[in-house]
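Visitor: Hi, I have a structure open and I'm not sure how to read it. Could you walk me through it?

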Amino acid sequence: MAWRSSGRTNAQLIGNLATNGIVHSERVMRAMKSVDRANYVPSWEEAYEDSPQPIGYGATISAPHMHAYASEHLLPYLKQGSRVLDVGSGSGYLVAVLHELVKPGGTVVGIDHIPELVENSVENLKKDGRAEALEKGEIIMVAGDGRLGYPTGGPYDTIHVGAAAPTVPQALIDQLARPGRIFIPVGNFLQYVEHIDKDEHGNIHREKVMGVRYVPLTDKESQLEFPF
């Protein structure tokens, strides 16, 4: 049903995601309605299509239904004051949604290894009315290898990974709080989103939750070889 969720406006898009059973919680619905996807995509005309779109440098902004799934799956760990890491933050869209889910008092770190994308994402966030959150450090955007995480901002209550890793990077597990959850696509040709849950004692539990198709989580040079 995800492919039927497109709308003519941001509110209609999110409403269709709810009608089609992808968005369940009022918190996620409010957060996604407060972030205008038109500020994060190259083409305004396609802003409310429920499809991934290229944003340059071999990267895409994921389809809205995947951002909705990620938000719903991470929601038990997204509370006021939570710390969040978004690996492969791209356009900055999901950073904004996650910020809505952890404010006040929360911090969201977005990391991408393409400096130009980080610069663009900061401008997108400002267009979307989040300059103050950037100034206060509630949103932090950094250029770096997300496979290594960002230890300075951790430990993180939740970590979202927006590209498929062949295996789960140990650095991300190490930077996950107790308790905490990673939402990460894993695999090469066959990919599954996995929950990597860490309990209060540091024990790790892995669960496959859905089949997906993501671009690979790779190094900067390999990503720039992609044709979009």
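Guide: Let's begin with a term: a charge sits over a ring if NZ of Lys or CZ of Arg is within 6 Å of the ring centre and within 35 degrees of the ring normal. Keep in mind that this is a predicted model.

Visitor: OK, so which charged end sits over the ring of Y192?

Guide: That would be K208, whose charged end is 4.6 Å from the centre of the Y192 ring.

Visitor: What about rings with rings? How many aromatic pairs does the structure hold?

Guide: There are 2 aromatic pairs. In one of them, the ring centres of Y40 and Y93 are 5.6 Å apart and the planes are at 85°, so this pair is edge-to-face.

Visitor: Where do Y40 and Y93 lie?

Guide: Y40 is in the loop between α2 and β1, while Y93 is in helix α4, so the pair ties together parts that are 53 residues apart in sequence.

Visitor: And are they buried or exposed?

Guide: Y40 is buried, with a relative accessible area of 2%. Y93 is buried as well, with a relative accessible area of 1%.

Visitor: How are the rings of W44 and Y48 arranged?

Guide: Their centres are 6.4 Å apart and their planes are at 80°, so W44 and Y48 make an edge-to-face pair. W44 counts as exposed, at 57% relative accessibility, whereas Y48 counts as buried, at 8%.

Visitor: Switching to helices. Which residues are buried in α1?

Guide: In α1, which covers residues 10-19, the buried ones are N10, L13, I14 and L17. They cover an arc of only 90° around the axis, which puts them on the same side of α1.

Visitor: Why would residues three or four places apart point the same way?

Guide: Because an α-helix has 3.6 residues a turn.

Visitor: Got it. So what covers the buried residues of α1?

Guide: The cover includes α2 (26-33) and α3 (64-74). If you take L17 alone, its contacts beyond four places in sequence include I22, M32, P64 and A68.

Visitor: How much of α3 is buried?

Guide: 10 of the 11 residues of α3 are buried, so you can call it mostly covered, taking buried as under 20% relative accessible area. Among them are P64, H65, E72 and L74.

Visitor: And what follows α1?

Guide: G21 does, and its phi is positive, near 80°.

Visitor: Let's talk about the core. How many residues has the largest nonpolar core?

Guide: It has 48 residues, and L17, M32 and V97 have the most contacts inside it. Helix α4 (residues 93-102) gives the most to this core, with 8 residues.

Visitor: What does the second, separate core include?

Guide: That core has 19 residues, including L85, V142, A163 and I173. As a general point, nonpolar side chains tend to be buried together in soluble globular proteins.

Visitor: Now the strands. How do β3 and β4 run?

Guide: β3 and β4 run parallel, and 5 bridges join them. V87 stands opposite I111 in β4.

Visitor: Is β3 enclosed or open?

Guide: Largely enclosed by the rest of the structure, because 4 of the 5 residues of β3 (residues 83-87) are buried.

Visitor: And how do β1 and β2 run?

Guide: Those two run antiparallel, with 3 bridges joining them. One bridge matches P54 with T60 in β2.

Visitor: How many residues are between the strands in that hairpin?

Guide: There are 2 residues between β1 and β2, and Y57 takes a positive phi near 60° in this hairpin. Y57 is not a glycine, and its place is in the loop between β1 (53-56) and β2 (59-61).

Visitor: Is Y57 buried or exposed?

Guide: In between: Y57 counts as partly exposed, at 35% relative accessibility.

Visitor: One last topic, prolines. Which peptide bond has an omega near -5°?

Guide: The one from K103 to P104, which is cis. P104 has its place in the loop between α4 and β4 (107-112).

Visitor: And what about the peptide bond from R178 to P179?

Guide: That bond is cis too, with omega near 0°. P179 is in strand β7, residues 176-186.

Conventions. Residues are numbered from 1 along each chain as its sequence is written. This is a predicted model: local features need pLDDT of at least 70, side-chain atom pairs count only at pLDDT 80 or more; totals for chains, interfaces and linings use all residues. Side-chain values use heavy atoms; hydrogens and water are left out. Buried means under 20% relative accessible area, exposed over 50%, partly exposed in between (1.4 Å probe, protein chains only). The arc is that of the directions from the helix axis to the C-beta atoms. Contact means heavy atoms within 4.5 Å. A nonpolar core is a set of buried Ala, Val, Leu, Ile, Met, Phe, Trp, Tyr and Cys residues joined through side-chain atoms within 4.5 Å. Rings of Phe, Tyr and Trp (its six-membered ring) pair if their centres lie within 6.5 Å; planes under 30 degrees apart count as stacked, over 60 as edge-to-face and the rest as tilted. Two strands pair if DSSP finds at least two bridges between them.
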